[in-house]
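Student: I should like to learn how to read the features of a structural model in an orderly way. Where might we begin?

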Amino acid sequence: KKKKTPPSSSKKKSPTATAKVKVEGEMKTRGASYQTHEDIAICKAFINCSEDPLNGNDQKLETFWMKVLNAFNILIQEWVTEQDKYHA
């Protein structure tokens, strides 16, 4: 018998901003991807909030994600300010 092997990862295409993806059995259009600086900012915001020694894991889910959002917004604003310095 021939063994079935999974398709090569090099053949898989990553979804783009206009890709159709299946969500709960329905085909939907995927939203735009984050830019690199936004990916970095959301990761830093998540890590900073999750490693907060004062609150640790003793915070409500909504409170945690609000802190992540606020930290993300601050990091993005800092990035924009930094870009303005070089492109002004």
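Tutor: We shall go from the overall fold to individual residues. Please bear in mind that this is a predicted model.

Student: How many helices and strands does the protein chain have, and in what order do the elements run?

Tutor: The protein chain holds two helices and two strands, arranged β-β-α-α from the N terminus on.

Student: What share of the residues counts as buried?

Tutor: A residue counts as buried when its relative accessible area is under 20%. Of the 88 residues in the protein chain, 12% meet that condition. The accessible surface comes to about 8,100 Å², and carbon and sulfur atoms account for 56% of that surface. As for contacts between residues at least 6 apart in sequence, 30% join residues at least 24 apart.

Student: How does the span of α2 agree with its number of residues?

Tutor: One counts 1.5 Å a residue and compares the result with the distance between the end C-alpha atoms. The 27 residues of α2 should span 39 Å, and the end C-alpha atoms are 39 Å apart, so the two values agree.

Student: Which residues of α2 are buried, and what covers them?

Tutor: Phe 64, Val 68, Ala 71, Phe 72 and Ile 76 are the buried residues to note in α2. Their cover includes α1, residues 36–50.

Student: Which residues is His 37 in contact with, beyond its neighbours in sequence?

Tutor: His 37 belongs to helix α1 and has a relative accessibility of 16%, so it counts as buried. Leaving aside neighbours within four places in sequence, His 37 is in contact with Ile 76 and Trp 79. Ile 76 is itself buried in α2. Trp 79 also lies in helix α2, but is partly exposed at 35%. The C-alpha atom of Trp 79 is separated by 8.9 Å from that of Ala 41, although these two residues are 38 apart along the chain.

Student: Which residues make the nonpolar surface patch?

Tutor: Phe 46, Ile 47, Leu 61 and Trp 65 make a nonpolar patch of about 420 Å². Both α1 and α2 contribute, each with at least two residues. Trp 65 has its place in helix α2 and is partly exposed, with a relative accessible area of 43%.

Student: Let us turn to charged pairs. How many salt bridges does a search of the whole structure find, and where?

Tutor: The search finds one salt bridge. It joins Lys 85 to Glu 82, with the closest N and O atoms 3.6 Å apart; the cut-off for such a pair is 4 Å. Both residues lie in helix α2 (residues 61–87), three residues apart, about one turn of the helix.

Student: Are Lys 85 and Glu 82 buried or exposed?

Tutor: Lys 85 has a relative accessibility of 58% and therefore counts as exposed. Glu 82 is partly exposed, at 31%.

Student: Finally, how many disulfides are found?

Tutor: A disulfide is a covalent bond between the sulfur atoms of two cysteines. A search of the whole structure finds zero disulfides. As to cysteine accessibility, Cys 43 is partly exposed, with a relative accessible area of 45%, whereas Cys 49 is buried at 11%.

Technical notes. Residues numbered from 1 in each chain as written. Predicted model: local features only at pLDDT ≥ 70, side-chain atom pairs only at ≥ 80, totals over all residues. Heavy atoms only, no water. Salt bridge = Lys/Arg side-chain N within 4 Å of Asp/Glu carboxyl O. Helix = DSSP H or I, 4+ residues; strand = E, 2+ residues; numbered from the N terminus. Buried < 20%, exposed > 50% of the residue type's maximum accessible area, 1.4 Å probe, protein only. Expected span 1.5 Å × (residues − 1). Contact = heavy atoms within 4.5 Å. Disulfide = S-S within 2.5 Å. Areas by Shrake-Rupley, 256 points an atom, 1.4 Å probe, with all protein chains shown as cover. Patch = residues over 30% accessible without salt bridge, like charges linked within 9 Å, V, L, I, M, F, W, Y side chains within 5 Å.
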